[in-house]
Structures are given as structure tokens and as C-alpha cells.
Amino acid sequence: MQLDPRPATLGLLLLCAAAAGAGEAEELHYRQGEHRADYDREALLGGQEEVDEYVKLSPEEQHKRLKSIIKKIDLDSDGFLTESELSSWIQMSFKHYAMQEAKQQFIEYDKNNDGSVSWDEYNIQMYDRVIDFDENTALDDAEEESFRQDKKRFEKANQDSGPGLNLEEFIAFEHPEEVDYMTEFVIQEALEEHDKNGDGFVSLEEFLGDYRRDPTANEDPEWILVEKDRFMNDYDKDADGRLDPQELLSWVVPNNQGIAQEEALHLIDEMDLNSDRKLSEEEILENQDLFLTSEATDYGRQLHDEYFYHDEL
């Protein structure tokens, strides 16, 4: 079994669960080697219900809403979308939907509707029961053991020391990367998990976790080579062979900036018809399907979200 050296904290276990179904999703996406555009539309818009809603919009309404979004992306109102404007918009979209998701979760977790989420309510939502554990005793179940770190993060997010988390504190718990007062805790949490020799840094060996090369193999497997490259080129900025606390933070809490820039460049590469490295409204409308299946519109979702397309917002 390959051990992914990425941290399991801060909700990244959800990514592992999603990865478990990646093979099945790939089969659905490329049935018998043929690409399924309808799969893209369903996956990107969020499911059949969202697809049905999208289809109900008339072409005129789609154009109207899309033009409104384009105007909002165009920060300097010069009639063109630059890489910087597209990147900033995509990052804002990421944050908006993360916050919206956290707000919806808050409602679901707050079982007694008292305006706060208690630790017991969080347990019940996650496990259908309250998990009790001794602070100094490891739990047999590895997934439940991860709750020890969740409890610490829960307590750190609770700024007013009340019995539970209000909405702002719950957002800090679910998305500590968005809240300044959680930064130091995130770093310390990562050091506790990965800094095995206690020197305050994470070496390459600690980054790779429990991986040990097969003595019969001539070289490391591909996934290890990829992780080593990430360590050296993405995280270890000062090239000293170890991650200091700030470098560690960029690993534990990935910044969406790089993803947004890549998507912005991709859109310009694909849609820039006159090679001026920026997009006009005409160029976007000429390639409307591509734009609506991109992160720039959160895969078309923004056309149904007044926060994005409403002229007064």
C-alpha cells in the first residue's frame, strides 16, 4: 500500500475518500475510451438536478447572466479580462463557495438550533455518537484517533470559551486557512504529526512518512518521485532540505493561487482568438461552453447564484 505523505489534518481525509472512487469515476468519464461531455456537465454543475436547472435557462438568460459576470471580473472596466483579473475572480469564487458550504454545514450540525455547534453535536453529525477518549490514550480506530486533533482544533477555534462554536468560530474550525488566529495552531498541529525528531522542521524523510524503498527495486516508484519533486520545488523555497514552519504551512494549507493562475492561463490559451493575451466579451461568448465548464464560473454554478450574476451585487 502506498502511504500518501500529505497531512490527514484539516479535512484532507475527505480528499482521500474522494480518491477512493477515482477509478470508478474515470470509467464513467471515459466510457470505452470515449470522452463523455455529458459527464463533464453533470459533474461540473453538481449533479442531474443542477444540470436540469441549467438547461431550463434560455440562451438569452444565459447570455445576460454571463455578461454580468464578465463585467464583474473586469475590475478596471476596460472591456478585457486579463490573467490577473481571472485569477483573482477564481480565488474569490473558491472562498465564497467554501464559506457557503461551511454555513450550510453549521445548520446541519446545530441539532438543537441554539445558534452554536457543540462538540457533542459535531460528534453525532460525524459518527452518530459521542466519542469519549482519554487525552493520554490512543484509540484503536485510526479514524477516531484523528478526532483527538479535531478536538484540539475545535477548542482553538472557540474564541469566547462558550459551550460551542458560533458561525464565525465554526468557519475557523472548518477553514482555519481563512482565519489569522488559527495559523499558529495549524503549524503546530502539522509539526506534531510530521516532525518526528522534534527539531521544529520537516525533513524529506519525515515528509514522505512511512515510505521505505523496496530493497529489490532499482529506483523509487513514480508517486514517490512526484512527492520528492513537490517537496524540493513547491515547498522547500530556501532549498535547505527541510521545511520550516512557513514552508510547512504552504504544504498543510495549500494556497488556491496557483490553481487559479493555471486556470486563468488555460482559458486565455484556449479562448484568446487575436493573441493579445486577454479575453474580450466577444471571445468569451464565442467559446461560452468552455467558459461555463471552467473554474472561472465554478463550472456554470455562478449563473444560478445571485451573488455573482446580479447587477446590484
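Aromatic pairs come to 15 in this structure, which is a predicted model. A pair of aromatic rings is described by the distance of the centres and the angle of the planes. Take tryptophan 119 and phenylalanine 154: their rings sit 5.3 Å apart, centre to centre, with 70° between the planes, which makes the pair edge-to-face. Tryptophan 119 belongs to helix 7 (residues 119–127) and phenylalanine 154 to helix 8 (residues 142–157), so this pair ties together parts of the chain that are 35 residues apart in sequence. Both rings come from buried residues: the relative accessible area is 11% for tryptophan 119 and 4% for phenylalanine 154.

Helix 7 has another such link to offer. Tyrosine 122 pairs with phenylalanine 173; the ring centres are 5.1 Å apart and the planes stand at 90°, so this one is edge-to-face too. Here the partner lies in helix 9 (residues 167–174), while tyrosine 122 lies in helix 7, so the pair ties together parts 51 residues apart in sequence. Tyrosine 122 has a relative accessible area of 5% and counts as buried. Phenylalanine 173 is buried as well, at 1% relative accessibility.

These four residues turn up together in one aromatic cluster, made up of Phe106, Tyr109, Trp119, Tyr122, Phe154, Phe170 and Phe173. A charged residue joins the picture at phenylalanine 173, where arginine 153 lies over the face of the ring, 4.6 Å from its centre. A similar arrangement shows up elsewhere in the chain: arginine 242 places its charged end over the ring of phenylalanine 201, at 3.5 Å from the ring centre.

Phenylalanine 80 is worth a look of its own. This residue is found in strand 3 (residues 80–81) and, with 27% relative accessibility, counts as partly exposed. Setting aside neighbours within four places in sequence, phenylalanine 80 touches Asp74 and Glu85, along with Asp276, Lys278, Leu279 and Ser280. Glutamate 283 is 203 residues away from phenylalanine 80 along the chain, yet their C-alpha atoms are separated by 9.7 Å.

Next come the annotated spans. The unreviewed UniProt entry lists "domain: EF-hand" for residues 61–96, 97–132, 182–217 and 229–258. In the model, residues 61–96 are 75% helix and 6% strand, and the C-alpha atoms at the two ends lie 23 Å apart. For residues 182–217 the figures are 44% helix and 6% strand, with 42 Å between the end C-alpha atoms.

As for the chain overall, the protein has 17 helices and 8 strands. Of its 313 residues, 39% count as buried. Among contacts with a separation of 6 or more, 58% are accounted for by residues 24 or more positions apart. The accessible surface adds up to about 18300 Å², and carbon and sulfur atoms hold 48% of that.

Finally, a word on confidence. The mean pLDDT of the protein chain is 79, with 76% of the residues at 70 or more. Over residues 1–51, pLDDT stays under 50, and for this stretch the model has 61 contacts beyond four places in sequence.

How values were computed: Residues are numbered from 1 along each chain as its sequence is written. This is a predicted model: local features need pLDDT of at least 70, side-chain atom pairs count only at pLDDT 80 or more; totals for chains, interfaces and linings use all residues. Side-chain values use heavy atoms; hydrogens and water are left out. Helices (H or I, at least four residues) and strands (E, at least two) are DSSP runs, numbered from the N terminus. Buried means under 20% relative accessible area, exposed over 50%, partly exposed in between (1.4 Å probe, protein chains only). Contact means heavy atoms within 4.5 Å. Accessible areas come from the Shrake-Rupley method with a 1.4 Å probe; for residues, only the protein chains shown count as cover. pLDDT is the predictor's confidence in each residue, from 0 to 100. UniProt positions are given in the numbering used here, feature names are shortened, and annotations may be inferred rather than shown by experiment. Rings of Phe, Tyr and Trp (its six-membered ring) pair if their centres lie within 6.5 Å; planes under 30 degrees apart count as stacked, over 60 as edge-to-face and the rest as tilted. A charge sits over a ring if NZ of Lys or CZ of Arg is within 6 Å of the ring centre and within 35 degrees of the ring normal.
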